[in-house]
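Colleague: Can we go through this model together? Keep it brisk, and give me the cut-offs as we go.

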Amino acid sequence: MTAHPDLLDLRAVASTAARDLIHLANRDDFDRIEATVERLAGCTRPIQLVGSTSTFDTTSGELLRQYSSAAEPLGRTLVACGNRRSTRCPSCSRVYAADTYQLIRAGLAGGKGTPDAVRTHPRVFVTLTAPSFGPVHNRPTTRTGKLVPCRCGVLHPAEHPALGTPIDPATYDYAGAVLFNAHAGALWARLTTYLRREVAHATGLSLKELRDHCRVSFAKVAEFQKRGLVHFHAIVRLDGPEGSTTAPPAWATTDLLTDAVRSAAAKVAVTVTGDSIGERVLRWGAQLDVRVIRRPDADDRDDTPLTDAAVAGYVAKYATKSAEGTGTVDRPLYCSPCKGRGRIPTDDGDTECRSCDGTGLAEPIADLKVAAHVRQMIRTCWDLGRRVTDFADLKLTKWAHMLGFRGHFSTKSRRYSTTLGTLRDVRRTWQSEQARIRAGLPLVDPDTTLVISDWRFLTTGYTPGEELLAQTVRDNRAATLRLKREGEAA
Ligand SMILES: [Zn+2]
Ligand SMILES: [Zn+2]
Ligand SMILES: [Zn+2]
């Protein structure tokens, strides 16, 4: 009998993991290995650390307790990777999404240290889009909602890969599109400034006077559209002078806020000049959506009330995404030895980088497995970014894989609500408290103790046997979630 080569490979891989698992299962401390993997909740690539944390009594100098990775079954401590992105680690990104949901929700409905009265503050949910850089394939509808063919004459099915891509790539303004992404953060920053100005203007106050009466708080999240352009969803809220803890003045209404957002967005413009492109004025697209977020105590006269939970869920969903929705690659494209310059400095001048043969690219753009439109966005970033005199500060070669966008995916103003860091601290404190209880250790007083930690990064990932255990954890969690959903649907 001749074995199929693929089957043979698969059997070899499976047996390595199985062999490792059998090896682990034969250890006396197997239950601790299982418990460790269980606690990582299915993390894809946990971080392996070695080191120790010692707690001393500051008066007597006595060592009160010590935790060391050497005491762990395999001599190292596993920590969840904590990655925000669902493509990198589905489990950790779910934790991130849950935290984001909590902090957005707290800013809308109160809780987690934000007073409940915040729900009575005027707030709107704004979607800021990019302008058009040339006609793209789409699914237009008539005023009555009837689907009509695209400008190219075809009635594209939903989810068709051509949607969002230019009808005529030769005339599409790729430079404009890339420069828009690269300035999206600057456009947003300007919007927040203009918004404060508009609110002040509407009430006859100066910007400086406004601060004594009213604060404009926001939380925003970036989303990549199919056409490879970034747009923002933002919660904008009017508060009293100290932020979420103080009541906004009586004149602060959702109508005033809506008008202020609209006029501010229309006024925002960033002028970009470069030898290769001349002068460009970048603005937000005309498609500006401003929706009032329903007060939980309001009666539902609105047909489609936008609730706190719906907005928080929406923001949390996008917070775990990157540019993958556009079908781009998830890694930087510049050659790392020469940092994309193509040349390496030496004692006498510089020489061509041997890793990339002077191209500055880690891999040729032509070889990337991406759609033609995405490839052209990447190529445009690369070409503009290599022109040292024009757009050096935009770091377009570094961010080519992000189609020029180098901003943060989610940000919020300081006074919006709690922070992700605070939520993480709460969870970490809870976890270390659980560890303390498990180990049967007494509580320590942070005022009379000194904690010394010394940790070193070892590597990432599991052993093949641990990976099998992690897969079981994931399967169990997925099954629990499915049962819960079915229970809710029933
Ligand atoms: Zn993870
Ligand atoms: Zn079309
Ligand atoms: Zn190189």
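Colleague: In which strand does S52 lie?

Modeller: Strands here are DSSP E runs of at least two residues, helices are H or I runs of at least four, and both are numbered from the N terminus. This is a predicted model: local features need pLDDT of at least 70, side-chain atom pairs count only at pLDDT 80 or more, and totals for chains, interfaces and linings use all residues. Residues are numbered from 1 along each chain as its sequence is written, and chains are lettered from A and ligands numbered from 1 in the order in which they are written. On that basis S52 lies in residues 47-57, strand β1.

Colleague: How does S52 count by its C-beta neighbours?

Modeller: A residue is buried with 20 or more other C-beta atoms within 10 Å of its own, exposed with 12 or fewer, and partly exposed in between; C-beta atoms are placed from the backbone. S52 has 15 such neighbours, so it counts as partly exposed.

Colleague: Which residues is S52 in contact with, leaving aside neighbours within four places in sequence?

Modeller: Contact means C-beta atoms, placed from the backbone, within 7 Å. S52 and S69 are 17 residues apart in sequence, yet 6.2 Å apart in space, C-alpha to C-alpha. The contacts of S52 are Q66, Y67, S68, S69 and D454.

Colleague: A41 and L403 each have a positive phi of about 55°. Which loop holds L403, and is L403 buried or exposed?

Modeller: Most residues other than glycine have a negative phi. A41 is not a glycine; it sits in the loop between α2 (30-39) and β1 and is partly exposed, with 15 C-beta neighbours inside 10 Å. L403 is not a glycine either, and its loop runs between α8 and β12. With 25 other C-beta atoms within 10 Å, L403 is buried.

Colleague: How many residues has the largest nonpolar core?

Modeller: A nonpolar core is a set of buried Ala, Val, Leu, Ile, Met, Phe, Trp, Tyr and Cys residues joined through C-beta atoms within 7 Å. I104 and V178 are among those with the most contacts inside the largest one. That core has 91 residues.

Colleague: Which helix gives the largest share of this core?

Modeller: The share is 14 residues. They come from residues 174-203, helix α4.

Colleague: At what angle do α4 and α8 cross?

Modeller: Axes are lines fitted to C-alpha atoms, for helices over the stretch in contact, with angles from 0 to 180 degrees between N-to-C directions. Residues Y174, A175, A177 and V178 in α4 meet Q376, M377, T380, C381 and L384 in α8. The axes come within 9 Å and cross at roughly 80°. That makes the pair roughly perpendicular (65 to 115 degrees).

Colleague: Why do the buried residues of α7 line one face?

Modeller: The buried residues are D308, V311, A312, V315, A316, Y318 and A319. Seen down the helix axis, with directions taken from the axis to the C-beta atoms, they line one face because they fall within an arc of 165°.

Colleague: Which elements do those α7 residues pack against?

Modeller: I104 touches V311, A312, V315 and A316, among others. The full set is α3 (90-109), β4 (123-128), β5 (215-224), β6 (230-239) and β12 (410-412).

Colleague: How many of the 20 residues of α3 are buried?

Modeller: The end C-alpha atoms of α3 are 28 Å apart, which agrees with the expected span (1.5 Å times one less than the number of residues). The helix is largely enclosed by the rest of the structure, because its buried residues number 14 of the 20.

How values were computed: Contact = placed C-beta atoms within 7 Å. Parallel < 35°, antiparallel > 145°, perpendicular 65-115°, else oblique.
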